[in-house]
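Welcome! Let us take a short tour of a protein chain, starting with its overall form and then moving in towards single residues.

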Amino acid sequence: MIVHRHYEEVARQLSLGGFEPPPPITNTVLVLVGDIHRGVVRRSQYAQSLSPNAKAVFVEIDPERTRRLEEKWGKWGMGRP
């Protein structure tokens with residue numbers, strides 16, 4: 001009897017009756033970038049395969065270095081922000 005009640009309770013919990021599908025799960029994937037090289041390009045591609053919200057993150061310390069990185073990112077960033 002106890003086992004039967006257990007299975008009825010499990011069946012009730014698993015039933016789709018009255019169930020509302022949850023909202024889609026989305027993630028933002030961040031790729032830390034210190035410079036542009038093959039490893040960063042591959043990481044960026046992999047991040048994009050995980051989420052359409054993949055973004056590269058670079059912390060500016062030297063404005064001239066940032067300018068050079070932005071130029072490279074324009075060519076190798078494949079349109080990712």
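A compact globule of 81 residues would have a radius of gyration near 12 Å, whereas this chain comes out at 23 Å. Keep in mind that you are looking at a predicted model. Along the principal axes, the C-alpha atoms fill a box of roughly 75 × 20 × 20 Å. Of the 81 residues, 19% count as buried.

Next, the fold. The chain has three helices and two strands, and along the sequence they follow the pattern α-β-α-β-α. Take the contacts between residues at least 6 apart in sequence: 67% of them join residues at least 24 apart.

Helix 2 is a good place to practise some reasoning. It covers residues 38-50, and at 1.5 Å a residue its 13 residues should span 18 Å; the end C-alpha atoms are 19 Å apart, which agrees. Which residues of helix 2 are buried? They are Val40, Val41, Ser44 and Ala47. Looking down the helix axis, you would find these buried residues within an arc of 125 degrees, so they line one face of the helix. On the other side, Arg38, Arg42, Tyr46 and Ser49 are exposed. The cover over the buried residues includes strand 1 (30-32) and helix 3 (63-76).

What makes up the largest nonpolar core? Its nine residues are Val29, Val31, Val33, Ile36, Val40, Ala47, Ala54, Leu69 and Trp73. Helix 2 and helix 3 are the elements that give two or more residues to this core. In soluble globular proteins, nonpolar side chains tend to be buried together. Val40 is a core member worth finding in the viewer: beyond its neighbours within four places in sequence, Val40 is in contact with Val33, Asp35 and Trp73.

Now compare two residues by their surroundings.

| Residue | Relative accessible area | State |
|---|---|---|
| Ser51 | 2% | buried |
| Arg67 | 37% | partly exposed |

Ser51 sits in the loop between helix 2 and strand 2 (55-57). Not counting residues up to four places away in sequence, Ser51 touches Asn27, Thr28 and Val29. With Asn27 there is a polar link to look for: a polar atom of the Ser51 side chain lies 2.4 Å from the backbone oxygen of Asn27.

Arg67, in turn, belongs to helix 3. How many Å separate Arg67 and Pro23 in space, C-alpha to C-alpha? The distance is 40 Å, and in sequence the two are 44 residues apart.

Definitions and conventions: Residues are numbered from 1 along each chain as its sequence is written. This is a predicted model: local features need pLDDT of at least 70, side-chain atom pairs count only at pLDDT 80 or more; totals for chains, interfaces and linings use all residues. Side-chain values use heavy atoms; hydrogens and water are left out. Helices (H or I, at least four residues) and strands (E, at least two) are DSSP runs, numbered from the N terminus. The expected span of a helix is 1.5 Å times one less than its number of residues. Buried means under 20% relative accessible area, exposed over 50%, partly exposed in between (1.4 Å probe, protein chains only). The arc is that of the directions from the helix axis to the C-beta atoms. Contact means heavy atoms within 4.5 Å. A polar contact is a pair of N or O atoms within 3.5 Å; within protein, one must be able to donate a hydrogen and the other to accept it, and residues adjacent in sequence count only if both atoms are side-chain atoms. A nonpolar core is a set of buried Ala, Val, Leu, Ile, Met, Phe, Trp, Tyr and Cys residues joined through side-chain atoms within 4.5 Å. The radius of gyration is taken over C-alpha atoms; the globule rule is 2.2 Å times the number of residues to the power 0.38.
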